[in-house]
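Dear colleague,

I am passing on a structure that you have not worked with before. Please look through the sequence and the model first, and then read the notes that follow.

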Amino acid sequence: MSQQACAEFFTKINTDAALQQEVGAAVEGKEDMAASTAFAEVGAKHGYEFTAEDAAQKYQEILAAADGELNEEALDNVAGGSFKVGCCCACCY
């Protein structure tokens, strides 16, 4: 169930600008498991129960699925000079 909750939280982030900001602030300056832990804590605050390990695994799955290619929005951001990767979720790339 925690993998499903993690996936649902990633989906929720992509549709909620306030949540994107909250997650971004929580993981800012953190790397690897510290970022995943902060991400899981924000998820728990919003009713999504999953572990930091679940978050790290889901993030790796997202990266693998992207296969190094950027979506149209990310390409626009790169072209405009505002591309950033600030946390462990899809909202930052």
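**Helix α3 and what surrounds it**

At 1.5 Å a residue, a span of 20 Å should be expected for the 14 residues of α3, and this agrees with the model, in which the end C-alpha atoms of the helix are 20 Å apart. Please keep in mind that this is a predicted model, in which the chain has an average pLDDT of 79 and 70% of the residues score at least 70.

Within α3, the buried residues are Ala-35, Ser-36, Ala-38, Phe-39, Ala-40, Val-42 and Gly-43, and the packing partners of these buried residues are α1, α2 and α4. After α3 comes Gly-47, which has a positive phi, near 90 degrees.

**Helix α1**

Helix α1 covers residues 2-15, and its 14 residues reach 20 Å from the first C-alpha to the last, close to the 20 Å expected at 1.5 Å a residue. Ala-5, Cys-6, Phe-9, Phe-10 and Ile-13 are its buried residues; seen down the axis of α1, they fall within an arc of 140 degrees, so they line one face of the helix. Thr-11 and Thr-15, on the other side of α1, are exposed. The buried residues of α1 pack against α2 (17-27), α3 (32-45) and α4 (52-66).

**Aromatic pairs and the core**

The model has five aromatic pairs. One of them joins Phe-9 and Phe-50 in a tilted arrangement, with 5.8 Å from centre to centre and 40 degrees between the planes. Because Phe-9 lies in helix α1 and Phe-50 in the loop between α3 and α4, this pair ties together parts that are 41 residues apart in sequence. Phe-9 and Phe-50 are both buried, and ring pairs link them with Phe-10, Phe-39 and Tyr-48 into a cluster.

The largest nonpolar core contains 19 residues, and Phe-9, Val-23, Phe-39 and Phe-50 are those with the most contacts inside it; at least two residues of this core come from each of α1, α2, α3 and α4. Leaving aside residues up to four places away in sequence, Phe-50 touches Ser-2, Ala-5, Cys-6, Phe-9, Phe-39, Ala-40, Gly-43 and Ala-55.

**A point of caution**

Over residues 77-86 the pLDDT stays under 50, and for this stretch the model has 14 contacts beyond four places in sequence. Where pLDDT is low, the predicted coordinates should not be read in detail.

With best regards

Key:
Residues numbered from 1 in each chain as written. Predicted model: local features only at pLDDT ≥ 70, side-chain atom pairs only at ≥ 80, totals over all residues. Heavy atoms only, no water. pLDDT = per-residue confidence, 0-100. Contact = heavy atoms within 4.5 Å. Helix = DSSP H or I, 4+ residues; strand = E, 2+ residues; numbered from the N terminus. Expected span 1.5 Å × (residues − 1). Buried < 20%, exposed > 50% of the residue type's maximum accessible area, 1.4 Å probe, protein only. Arc of directions from axis to C-beta. Phe/Tyr/Trp six-rings, centres within 6.5 Å; stacked < 30°, edge-to-face > 60°. Core = buried A, V, L, I, M, F, W, Y, C linked by side-chain atoms within 4.5 Å.
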